[in-house]
Amino acid sequence: MSLSKGFLKTFVFCGLAAAAIAVAFTNCGRPSWSAADYSSLHDPFGGLSNIGTKRVNTTPYALLNSEQVYKSMLNVTGQAAPTNAQITEYGRRSGALAASGELDLINSPMLIGISSLAGEVCNGLLAKEIALAADQRQFFPGVNFAQGIGALPAASFDDSVHRMARSFWGRDEKPEESAALVAFRADFLSTLTAQQQTQSASTRNLFLGTCAGMLASFDAYTY
Amino acid sequence: MNWRLSIAAVLLTVQCPAIAQVSDQHRQEAKRLLERLVGAKLPLDHALVAQAAALVATGDRAGAAKLATSQPNFYNLTVKQMALRMSNREETLRVPLNDFAASFIGVTRDETDARELLTGNFHYKGNPNLLTGFNVRQNIADDLLASNTHYSDLDNGTIDLSTVLMRVAGQPLLIDDNKNIADNLDPAGVLTSRAFMAAHAVDGTNRRLVEFTFREFACVSIDQWADTAASDLRIGRDIDRFPGGDHFKFQTSCKGCHTGMDGFRGAFAKWDFRNNNAILSTMKGTGRAQANASAAGVMNKMNKNNTVYPGGYVMTDDSWVNNASRGTNALLFGWNGAGIDGGMGVQSFGRLVANSKRFSQCMAVRVFEAVCKKPLDPEKQKGLMMELGSTFERNGYKLKGLFETVVLRSECH
């Protein structure tokens with residue numbers, strides 16, 4: 001089956017955008033402490049007191065190793081059992097992923113491996129959610145996958161990003177992250193012709209790229 | 001009426017702490033605690049995180065830790081990976097599940113005394129009744145003893161090891177070329193597992209078995225317990241007393257490691273790993289097993305290269321002596337119980353190590369690294385190591401409890 005230029009262009013763009021998002025959300029500039037981190041929790045470092053205020057350290061301190069990355073991706077996307085394609089992709093990529101938790105093990109092959117694995121995991125997530133009724137979906141309840149991206153409400157995109165952030169990153173997305181993803185959506189839209197924007201594949205591809213980019217970002221594979 | 005409502009609200013809050021408000025901060029703390037133990041990320045809004053957060057909100061962090069250790073990934077990831085690193089020479093987790101790690105998972109899950117990992121007569125394997133529909137090979141001779149296929153099949157990522165692993169009494173060994181099997185006459189937990197033997201009993205002189213027993217279960221490398229003042233009576237004939245023509249070098253360097261290593265290696269005198277399976281020479285019906293061994297069952301490799309120093313020790317049985325019981329080594333290991341000066345065979349050697357203070361402390365070190373994702377320095381954090389080791393002993397050497405204790409320590413965060 002021959003692929004149209006438009007499809008190839010879109011596919012390549014999704015891949016590059018996913019990689020860009022993965023690099024963009026490396027959290028390098030995030031401060032260790034913030035006012036939002038002050039908590040009225042009891043002291044998590046003492047274990048006995050249930051009063052007092054303690055800041056929570058959010059600085060990444062370790063990598064997930066290969067199997068931890070794989071199982072984490074499945075966990076945070078709500079997939080109880082991996083698909084054959086995911087098993088195969090993990091088998092191909094596990095050698096490039098970290099063998100232990102030292103942060104200095106991060107390298108380019110590892111990032112590429114994580115991005116590829118994230119893409120396959122997101123493929124599985126989308127297949128699972130598309131098959132569900134909208135009100136039963138965990139990540140894309142406001143998305144009509146039968147319609148093209150041109151008909152996708154901005155609020156639905158934002159809502160899905162928010163849901164993925166809380167699940168993949170364990171927190172709400174920051175304004176700058178949300179802005180970057182909105183910009184990604186706009187750039188993705190701009191690569192499509194008017195006719196392509198009406199095709200349902202465009203909606204799926206948008207969320208594939210968004211999901212993969214978020215799932216392959218720093219917060220998703222570090223402690 | 002208002003005062004009645006107020007009292008009802010107070011009573012409801014006191015009696016139903018679970019409905020105390022759970023904030024995102026509670027969720028994030030609970031999520032971090034859970035993830036340290038289960039080894040994988042969890043969604044912030046996951047039901048398990050909410051359950052743990054409710055416990056954290058009421059101050060019950062210990063309850064949240066227990067919740068984490070009841071999850072499959074605690075065994076399938078955290079415990080498994082900790083054990084895998086200990087099971088091979090490269091200390092990597094990039095190996096498939098093996099019998100060593102399976103026993104570790106089982107002992108942790110079943111909350112039995114962890115000392116039996118060095119002394120016990122048992123093994124863990126997949127329960128055939130729970131493996132219907134999974135492609136797991138289960139022939140004892142072919143898939144458990146002559147290869148690792150049973151365990152690598154279990155490790156396909158879809159089987160829950162915490163559920164399917166079952167404890168089986170005894171440790172079978174192949175005793176001839178006809179795949180006949182008999183129970184191990186000198187069982188010592190994972191020390192006599194196929195994986196440990198495959199890693200350290202291949203060729204050589206079985207000194208590596210001693211080195212790695214202490215490396216993995218006492219967290220000491222050979223140079224840390226070298227003692228040049230101990231007796232050299234047990235040092236073999238294959239060790240040159242005049243390396244490079246210099247006897248002084250032997251006295252001040254080589255002897256230090258070999259006094260201890262050669263003293264202990266007699267425990268493994270009758271063991272070998274050949275043709276892909278572990279061999280104990282004194283097993284009955286030992287057509288193949290007795291090859292390459294003396295009439296007393298001592299493997300020929302234990303006395304090889306005997307022309308290097310003919311006056312050295314000749315191994316005639318599986319006796320061992322403890323040449324690491326003097327001075328600083330006595331303090332380092334904290335030997336305990338009967339039989340600390342010597343014994344016969346691997347099981348008595350395993351008992352020596354398991355009953356030492358150092359074993360408890362080392363398990364604490366291993367768990368700390370697995371949970372806290374950073375090393376515990378046995379020298380700089382000696383107090384913490386000793387405290388955790390003592391707690392481990394007082395709680396019956398239960399590994400699951402040790403994980404739950406460590407994750408709550410402030411030093412872990």
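Start by selecting chain B, where you'll find 17 helices and 8 strands. Keep in mind that this is a predicted model.

**Stop 1: chain B as a whole**

Zoom out until all of chain B is in view. Its C-alpha atoms fill a box of roughly 100 × 50 × 35 Å along the principal axes. Of the 413 residues in this chain, 51% count as buried. If you take the contacts in chain B between residues at least 6 apart in sequence, 68% of them join residues at least 24 apart.

Now colour chain B by domain. The assignment gives you domain 1 at 21–70, domain 2 at 76–354 and domain 3 at 361–412. Draw a line from the C-alpha centre of domain 1 to that of domain 2 in chain B, and it will come out at 39 Å.

**Stop 2: where chain B touches chain A**

Bring chain A back into view. How many residues does each chain put into the contact? Chain B gives 26 residues and chain A gives 30. On the chain B side, the elements that give two or more residues are helix H2 (24–38) and helix H5 (72–87). Select H2(B) before you move on, since the largest share of that side, 6 residues, comes from this helix. Colour the chain B side by residue type and you should get 7 nonpolar, 11 polar and 8 charged residues.

**Stop 3: helix H6 of chain B**

Select residues 99–110 of chain B, which make up helix H6. Put a distance between the end C-alpha atoms: they are 16 Å apart, and since 12 residues at 1.5 Å a residue should span 16 Å, the two values agree.

Is this helix mostly covered or mostly open? H6(B) is mostly covered, with 11 of its 12 residues buried. Click through the buried ones, among them B:Phe100, B:Phe104, B:Ile105 and B:Val107. B:Asp99 and B:Arg109 are on the buried list too. As you rotate the view, remember that an α-helix has 3.6 residues a turn, so residues three or four places apart point the same way. Then step off the end of H6(B) to B:Glu111, which follows the helix and has a positive phi, near 55°.

**Stop 4: the E1 and E2 strands**

Next, select residues 122–126 of chain B. This is strand E1, and 4 of its 5 residues are buried, leaving the strand mostly covered. Add residues 165–169 of chain B, strand E2, which runs antiparallel to E1(B) and is joined to it by 5 bridges. Which residue of E2(B) is the bridge partner of B:Gly126? Look across to B:Leu165. With side chains switched on, bear in mind that they alternate between the two faces of the sheet in a regular strand.

**Stop 5: two loops with a positive phi**

Go to B:Lys179, in the loop between strand E3 (172–174) and strand E4 (181–183) of chain B. Its phi is near 65°, a positive value in a residue other than glycine. B:Lys179 is partly exposed, with 13 other C-beta atoms within 10 Å.

Then jump to strand E5 (residues 271–274) and strand E6 (residues 277–280) of chain B, an antiparallel pair joined by 4 bridges. Find B:Trp271 and look opposite, in E6(B), for B:Leu280. This is a hairpin with 2 residues between the strands. One to click on is B:Asn275, in the loop between E5 and E6 of chain B. B:Asn275 is not a glycine, yet its phi is positive, at about 55°. Is B:Asn275 buried or exposed? It is exposed, because only 12 or fewer neighbours are needed for that label and B:Asn275 has 10 other C-beta atoms within 10 Å.

**Stop 6: over to chain A**

Switch to chain A and select helix H6 (residues 175–190), then pick out A:Arg185 within it. A:Arg185 counts as buried, with 21 C-beta neighbours inside 10 Å. Beyond its neighbours within four places in sequence, A:Arg185 is in contact with A:Phe157 and A:Leu206. Put a distance from A:Arg185 to A:Thr210 as well: they are 25 residues apart along the chain, with 8.3 Å between their C-alpha atoms.

Finish at A:Ala131, in the loop between helix H4 (108–130) and helix H5 (154–169) of chain A. A:Ala131 is exposed, with 10 other C-beta atoms within 10 Å. From A:Ala131 to A:Phe145 is 14 residues in sequence and 10.0 Å in space, C-alpha to C-alpha.

Note on methods: Residues are numbered from 1 along each chain as its sequence is written. Chains are lettered from A and ligands numbered from 1 in the order in which they are written. This is a predicted model: local features need pLDDT of at least 70, side-chain atom pairs count only at pLDDT 80 or more; totals for chains, interfaces and linings use all residues. A residue is buried if 20 or more other C-beta atoms lie within 10 Å of its own, exposed if 12 or fewer, and partly exposed in between; C-beta atoms are placed from the backbone. Two strands pair if DSSP finds at least two bridges between them. Two residues are in contact if their C-beta atoms, placed from the backbone, lie within 7 Å. Ala, Val, Leu, Ile, Met, Phe, Trp, Tyr, Cys and Pro count as nonpolar, Asp, Glu, Lys and Arg as charged, and the others, Gly among them, as polar. Domain bounds come from an automatic or database domain assignment. The expected span of a helix is 1.5 Å times one less than its number of residues.
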